[in-house]
Amino acid sequence: MRSNFFDLDDFFEDRIWNSSILKDRFWNGKTMTPAMNIKETEEDFEIELAAPGFAKKDFEVTIDNGCLNISAEKSITEEEKEKNYTRREFSYNSFERSLQLPESVKEEAVKAKYNDGILSFKLVKKEEAKKQKPKVIEVS
């Protein structure tokens with residue numbers, strides 16, 4: 001099944017990061033790219049993005065020129081001080097995904113929800129894009 005969404009991340013990753021010049025045995029040219037599912041119904045598109053370990057406040061979601069931009073950033077710092085030593089650890093995690101939305105989506109009606117590590121979107125279709133039931137013509 002062909003998707004109505006153009007994934008900008010895959011476009012650049014396939015053409016730039018996977019070139020033989022940038023391939024290395026220790027670094028594969030990728031940052032964290034969460035798995036994503038897109039489902040189309042008659043009324044809308046539903047997107048699920050796997051992003052465990054983040055909080056709602058970590059996300060920034062925008063729509064700009066028909067492009068849905070999703071990013072998240074999280075950093076954690078731990079420090080333990082004892083008499084003879086100090087232990088300091090930190091971690092940083094981030095990602096960005098961008099999808100060119102189909103023209104059939106009502107941008108002003110996009111809804112996002114984060115629950116149990118899944119960032120979900122509901123993108124309602126414009127009325128003219130919804131499938132019309134076929135008109136039955138009676139044969140006489």
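Among contacts in the chain of this predicted model between residues at least 6 apart in sequence, 55% join residues at least 24 apart. The chain comprises 140 residues, of which 24% count as buried, and its secondary structure consists of one helix and eight strands. Read from the N terminus, these elements follow the order β-α-β-β-β-β-β-β-β.

The confidence of the prediction varies along the chain, with an average pLDDT of 81 and with 77% of the residues scoring at least 70. Over residues 15–30 the pLDDT stays under 50, and for this stretch the model has 10 contacts beyond four places in sequence. Where pLDDT is low, predicted coordinates should not be read in detail, and the description below accordingly turns to other parts of the chain.

An open sheet is formed by four strands, arranged in the order β2-β3-β8-β7 with antiparallel pairing. The edges of this sheet are occupied by β2 (36–40) and β7 (111–115), each of which has a single partner strand, so that one side of each is left without a neighbour in the sheet. On average, and with direction ignored, neighbouring strands of the sheet are turned by 15° against each other. In general, the strands of a sheet pair through backbone hydrogen bonds, in either a parallel or an antiparallel manner.

Within this sheet, β2 and β3 make up a hairpin in which three residues lie between the two strands, and five bridges join these antiparallel strands. Methionine 36 has leucine 49 of β3 as its bridge partner, while isoleucine 38 stands opposite isoleucine 47, which also belongs to β3. The pairing of β3 with β8 is likewise antiparallel and extends over seven bridges; here alanine 50 has isoleucine 118 of β8 as its bridge partner.

The largest nonpolar core contains 17 residues, and those touching the most other members are Phe54, Phe59, Ile70, Phe95, Leu119, Phe121 and Leu123. Two or more residues are given to this core by each of β3 (44–50), β5 (67–81), β6 (86–100) and β8 (118–124). Strands β3 and β8 thus appear both among the contributors to the core and among the members of the open sheet.

Two of the core residues named above, Phe59 and Phe95, are also contacts of serine 71, which touches Asp58, Phe59, Glu60, Phe95 and Glu96 when residues up to four places away in sequence are not counted. Serine 71 lies in strand β5 and, at 22% relative accessibility, counts as partly exposed, because the limit for a buried residue is under 20%. Although serine 71 and phenylalanine 59 are 12 residues apart along the chain, their C-alpha atoms are separated by 5.7 Å.

Side chains of opposite charge can pair when their charged atoms come close, and eight salt bridges were counted in the model. One of them is formed by the side chains of aspartate 44 and lysine 122, with an N to O distance of 3.6 Å. This pair links distant parts of the chain, given that aspartate 44 is situated in strand β3 and lysine 122 in strand β8, 78 residues apart. The two partners fall into separate accessibility classes: aspartate 44 counts as buried at 7% relative accessibility, whereas lysine 122 counts as partly exposed at 38%.

Further salt bridges involve residues of the segment around positions 79 to 87. Lysine 81 forms a salt bridge with glutamate 79, in which the closest N and O atoms are 3.4 Å apart. Of these two residues, lysine 81 is exposed, with a relative accessible area of 58%, and glutamate 79 counts as partly exposed at 40% relative accessibility. Another salt bridge brings together the side chains of glutamate 80 and arginine 87, at 3.1 Å from N to O. Glutamate 80 is partly exposed, with a relative accessible area of 27%, and arginine 87 is also partly exposed, with a relative accessible area of 28%. Both residues belong to a network of salt bridges in which Glu78, Glu80, Arg87 and Glu89 are linked.

Notes: Residues numbered from 1 in each chain as written. Predicted model: local features only at pLDDT ≥ 70, side-chain atom pairs only at ≥ 80, totals over all residues. Heavy atoms only, no water. pLDDT = per-residue confidence, 0-100. Contact = heavy atoms within 4.5 Å. Core = buried A, V, L, I, M, F, W, Y, C linked by side-chain atoms within 4.5 Å. Buried < 20%, exposed > 50% of the residue type's maximum accessible area, 1.4 Å probe, protein only. Pairing = 2+ DSSP bridges. Axes fitted to C-alpha atoms, helices over the stretch in contact; angles between N-to-C directions. Salt bridge = Lys/Arg side-chain N within 4 Å of Asp/Glu carboxyl O.
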